[in-house]
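Trainee: Got a minute to go through this one with me? I'd like to talk about rings first and then the sheet.

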Amino acid sequence: MTPEDVVQLLNGYLGAVSDALIAEGATIDKYIGDAVMAFWNAPIIHEGHRARALTAIFGIEKALASTNAELEAAGLPSVGIGIGINTGPAFVGLMGSRDRLSYTCVGDSVTQAARFEGLTRIYGTGNCVGEDTVSDLPDTMRAVELDRVVVKGRSTPVALFTVYKAADSAFADAAELFAGARGAYLAQDWDRSAEALDRLAGMTVEGLDTAILANLYEARLVRMREAELPADWDGTFIADSKR
């Protein structure tokens, strides 16, 4: 691509995502290449900031669909994204050097959000959300637990979810099937889990690559069948890379 085309693509994409975030009360922190970092609840306190962050997911997806249509019409490639959301304490304020300061946030909870975004590729989901965020799930949304995972740089496992619209019956069916497959996996009922995962892989769901998710767990099943598991095994996954 020419530099001009790259600028046109980035400006169209970043502008659309930023507008969707701001519409839900987000503070745009920075652009990191083609990534957008944003946070809620500072500098202005927002009641229900978890719910607003979750609602922003679907605003972003809607804006991106429109932007991709414009990019394709201009002969430019479309953009695919992953969204990571986490809730927790962070230090927010002016940081930098004497000559250049930036209003930003830092902390372990911020790093986890970045790790969650990277995990969307592993699980085949459009979004990965932490447990503290889904505790304030709007009535129009549902969540399904994907895994218990230790992200890179951490030693404590966290529950990882993906969220979807309550009215999305196809996603709901896939989520129910996956929950059953994962439940069987955790119960070490490998055959029942494998059967459900095979069915999941054959489903077509917008916002969820069922084949990627099913293959992830099917690969684990192969290892688990041959492993001698400890009595306290709980299925926790160790993520040894950022994405």
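Mentor: Sure, we'll go through the aromatic pairs, one helix residue and the sheet, keeping in mind that this is a predicted model.

Trainee: How many aromatic pairs turn up in the whole structure?

Mentor: A search of the whole structure gives seven. One of them is tyrosine 164 with phenylalanine 171, which is stacked, at 4.6 Å centre to centre and 5° between the planes.

Trainee: Are those two buried or exposed?

Mentor: Tyrosine 164 and phenylalanine 171 are both buried.

Trainee: And what's the geometry for tyrosine 185 and tryptophan 233?

Mentor: That pair is edge-to-face: the centres are 5.4 Å apart, with 70° between the planes. Tyrosine 185 sits in helix 5 (residues 169-186), while tryptophan 233 is in the loop between helix 7 (210-226) and strand 9 (237-238), so the pair ties together parts 48 residues apart in sequence. Both tyrosine 185 and tryptophan 233 are buried.

Trainee: Which residues make up the aromatic cluster?

Mentor: Phe178, Tyr185, Trp190, Tyr217 and Trp233 form one cluster. Tyrosine 217 also has a charge over its ring: the charged end of arginine 220 sits there, 4.6 Å from the ring centre.

Trainee: OK, switching topic. Where is threonine 210?

Mentor: Threonine 210 is in helix 7.

Trainee: Why does threonine 210 count as buried?

Mentor: Because its relative accessible area is 4%, and buried means under 20%.

Trainee: What does its side chain reach?

Mentor: The side chain of threonine 210 gets to the backbone oxygen of leucine 200, at 3.2 Å. Setting aside neighbours within four places in sequence, threonine 210 is in contact with Leu200, Ala201, Met203 and Val205.

Trainee: Now the sheet. What's the strand order?

Mentor: Five strands make an open sheet, in the order 3-6-8-7-9, with mixed pairing. Strand 3 (83-85) and strand 9 are the edge strands, each pairing on one side only.

Trainee: How do strand 7 and strand 8 run, parallel or antiparallel?

Mentor: Antiparallel, with eight bridges joining strand 7 (residues 141-150) to strand 8 (residues 158-165). As an example of the register, alanine 143 stands opposite valine 163 in strand 8.

Trainee: Which strands does helix 3 touch?

Mentor: Helix 3 (residues 108-123) packs on the sheet and touches strand 3, strand 6 (127-130), strand 7, strand 8 and strand 9. The direction of helix 3 makes about 135° with that of strand 6.

How values were computed
Residues are numbered from 1 along each chain as its sequence is written. This is a predicted model: local features need pLDDT of at least 70, side-chain atom pairs count only at pLDDT 80 or more; totals for chains, interfaces and linings use all residues. Side-chain values use heavy atoms; hydrogens and water are left out. Rings of Phe, Tyr and Trp (its six-membered ring) pair if their centres lie within 6.5 Å; planes under 30 degrees apart count as stacked, over 60 as edge-to-face and the rest as tilted. Buried means under 20% relative accessible area, exposed over 50%, partly exposed in between (1.4 Å probe, protein chains only). Helices (H or I, at least four residues) and strands (E, at least two) are DSSP runs, numbered from the N terminus. A charge sits over a ring if NZ of Lys or CZ of Arg is within 6 Å of the ring centre and within 35 degrees of the ring normal. A polar contact is a pair of N or O atoms within 3.5 Å; within protein, one must be able to donate a hydrogen and the other to accept it, and residues adjacent in sequence count only if both atoms are side-chain atoms. Contact means heavy atoms within 4.5 Å. Two strands pair if DSSP finds at least two bridges between them. Axes are lines fitted to C-alpha atoms, for helices over the stretch in contact, and angles run from 0 to 180 degrees between N-to-C directions.
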